[in-house]
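Reader: I'd like to go through this one with you, a few questions at a time. Could you put it up first?

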Amino acid sequence: MAAILPLTMPKFGLAMTEGMVAAWQKQPGETIRQGEEIADIETSKITSAYESPVSGKLRRQVLEAGMMAPVGALIGVVADDAVPDADIDAFVADFQSRFAASQAEAGAAAAGPERVETAQGTAQVLAAGPAEAPVILFIHGFGGDLNNWMFLQPALAERFRTIALDLPGHGGSTKQVSAPDAAGLAGFVLAAMDALGISAAHLVGHSMGGAVALAMAEASAERVLSLSLISPAGLGPEINRGYIEGFIEARRGKHLTPLLQSLFADPTLVGQDMVETVLRYKRLDGVEAALRAIASAQFPDGRQAASLRAVLDTPRTPAQVIWGRRDAIIPAAHAENLPAHVRVTLFDEAGHMAQMERPADTAERIASLAGGGI
Amino acid sequence: MSKKSFRQAINEALAQEMERDPRVVIMGEDIAGGLGAPGEDDAWGGVLGVTKGLMGKFGRERVLDTPITESGFIGAAAGAALRGLRPVAELMFVDFMGVCFDQIFNQAAKFRYMFGGKATTPLVIRTMFGAGFRAASQHSQCLYPIFTHIPGLKVVIPSSPYEAKGLLIQAIRDDDPVVFFEHKVMYDVEEEVPDEPYAIPFGEARFVREGEDVTIVAFGRMVTMASQAAEALAKEGVSCSVIDPRTTSPLDLPSILESVRETGRLVLVDEASPRCNLATDISAQVAEQAFDALKAPIRMVSPPHTPVPFAPALEDEFVPNAEKIAAAVRATMRAPSKQAAE
């Protein structure tokens, strides 16, 4: 009997519990190839393309465009022409009843973020993956938080102990920023590693988090196993001043939306809920003062204050730089003229957020530098 | 972050501001409870338990049970605000506000102006409002239009637990008298509310939903009804913006006008009595300032001009709901547009 293959609601990030088919890119009867974009999936935070995990003929769109379903729910069916419609009906009915049963059983929610007391205040972290595995530590950028890694942390958590952390002044961490420069934030991350009992980690830093990772390597090279820097600060003087200042000032969705859109090569990725989430973060007591302190320490007068390029000169720490060519915040040109041992990856169709726009490729490169594939 | 009820969100806002600022005191009828009686201290936490637990944390000196004399303790709160405290007075039901109008309208609201800007009155009056609670006509009114009418007062109507916490913190930090309206049917509504303190600025509307065909403006509990209506209408192919102004004074009229210029149609949903309410006020201002943008007559969804009925069937029929809002939206869509008429 020919195989019937289910297409199910994907899970973009640990926090995603349900999603909506925003639009189908393939119609029933069309042949699809593995890796081809077959639908746009919208979550409360972002819209992203769903790449088919299988090849074959799309026989059924089970979930209509505009409908919500939990992660793992049947959204479509792939099977070749030999399979009669009745068999597909039976497959769908069987899948639905088993899925409903498993949903009822699976009361156990995935672990959420937790707060850790460090020598430098409370740090919020989201951990996933085997406890004994090598550690990958994610450091977000200015105004970001640990959810910035939601598309690639689950993939990396299969083989690594992954920890995404909120910097001070961000997310659920302390809003007191005693030392707002890159070295100061590096000290906070090292304190969080102490509190978590982590002696050394593979660091993944995005944007300002890249400069923080570089500062950690400068201060405590023995605690840094590798450096994967995504559109990092610290490698050149230019930075989009309008973005930094606008982000601090924005109090309304209509002011914040275009700024968040400028982070991505494809602005349609930014959903209303993403904007609302950022606005809610910015309203928390202490956030505006923290952002201002960090911006004036690291990006005074719209320029990057410190260059950390020299950290990459010595080849003792494996390092790579990943950049979207359409980055409108920090120019991809900062990836040029790096020492030969530094791997450089440039994505054509990505902006400042390669970890969200090209999550699978970015995760693959992080894993490859940290040892092995995923 | 965790799920909190409307009641918990308000309690947390009070606790965090009392923690942050020793000048914040709360007062009202049985807001602790048990005073001078045998048995449990802090027995009540107000008539619906919103302030329960605060006396244990902050003591009777900052959680003041008052006699049943609104004119007395609202006047005392206004005076205390003038002298440097930041009192939050709970006036159980807004329906009882009539007995202390002088203290509010002619005293608290006027101090800053009458003293040439040299005095501030950081007073918050929390009060319950709204129908649907089977509490009959003396405990069910929506009297925020009366307070919106008075220059010198700020008027806040939170529409969800998240909104309630951030707007109450802003109210306590504000230097002017604020009347804070809590819909009594919403106390058990839950949603994600940050554990940390945060303030939502006054006079900035929330775009609950953005659409292209019709703008719906709604207040308090009606925001939920409007969102339900918009959800249902989306399935019919009608796309609605839902705007929650958050505060009726100050009112974010620019956001409403901006939306009306995009959609050309306006439906106003107001649980208050239909004469001289927020719907008529906004309707007049939009007609004056954006008449040229309107493709159809403005529609208003409000209860009939009667006391709130006690009979459950009548009360249910009285309160605006999603079906009535959707019907009003459909009516604006049917009205011939000017383009079609030309």
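Author: Here are the ground rules. This is a predicted model, so local features need pLDDT of at least 70, side-chain atom pairs count only at pLDDT 80 or more, and totals for chains, interfaces and linings use all residues. Residues are numbered from 1 along each chain as its sequence is written, chains are lettered from A and ligands numbered from 1 in the order in which they are written, and side-chain values use heavy atoms, with hydrogens and water left out.

Reader: What is the strand order in the open sheet of eight strands in chain A?

Author: Strands here are DSSP runs of E, at least two residues long, and helices are runs of H or I of at least four, numbered from the N terminus. Two strands pair if DSSP finds at least two bridges between them. The pairing in this open sheet is mixed, and the order is 9-10-12-11-13-14-15-16.

Reader: Which strands stand at the edges of that sheet?

Author: Look for strands with a single partner, because one side of each is then left without a neighbour in the sheet. One such strand covers 114-118 and the other 343-347. They are strand 9 and strand 16 of chain A.

Reader: What angle does helix 3 of chain A make with strand 9 of chain A?

Author: Helix 3 (residues 182-196) packs on the sheet and touches strands 9, 10, 11, 12 and 13 of chain A, where contact means heavy atoms within 4.5 Å. Axes are lines fitted to C-alpha atoms, for helices over the stretch in contact, and angles run from 0 to 180 degrees between N-to-C directions. On that footing, the direction of helix 3 makes an angle with that of strand 9 of about 105 degrees.

Reader: And in strand 10 of chain A, which residue is the bridge partner of Thr118(A)?

Author: Strand 9 and strand 10 (residues 121-128) of chain A pair in the antiparallel sense over five bridges. The partner of Thr118(A) in strand 10 is Gly121(A).

Reader: Over in chain B, how many residues of strand 7 are buried?

Author: Buried means under 20% relative accessible area, exposed over 50%, and partly exposed in between, with a 1.4 Å probe and protein chains only. Val178(B), Phe180(B) and Glu182(B) point one way from the strand while Val179(B), Phe181(B) and His183(B) point the other way, and all are buried. For strand 7 (residues 178-183), the count is six of six.

Reader: Which residue of strand 7 of chain B stands opposite Thr127(B)?

Author: Strand 7 has parallel company: strand 5 (residues 124-129) of chain B pairs with it over six bridges, and strand 6 (residues 154-156) of chain B joins it by three. In the second pairing, Lys154(B) has Val178(B) as its bridge partner. Opposite Thr127(B) stands Phe181(B).

Reader: Any backbone oddities? Which residues does the cis peptide bond join in chain B?

Author: Most residues other than glycine have a negative phi, and most peptide bonds are trans. Here omega is about 0 degrees, and the proline involved, Pro250(B), is found in the loop between strand 12 (247-249) and helix 9 (253-263) of chain B. The bond joins Ser249(B) and Pro250(B).

Reader: Is Asp301(A) buried or exposed?

Author: Asp301(A) has a positive phi of about 55 degrees although it is not a glycine. Its place is in the loop between helix 8 (287-298) and strand 15 (319-324) of chain A. With 62% relative accessibility, Asp301(A) counts as exposed.
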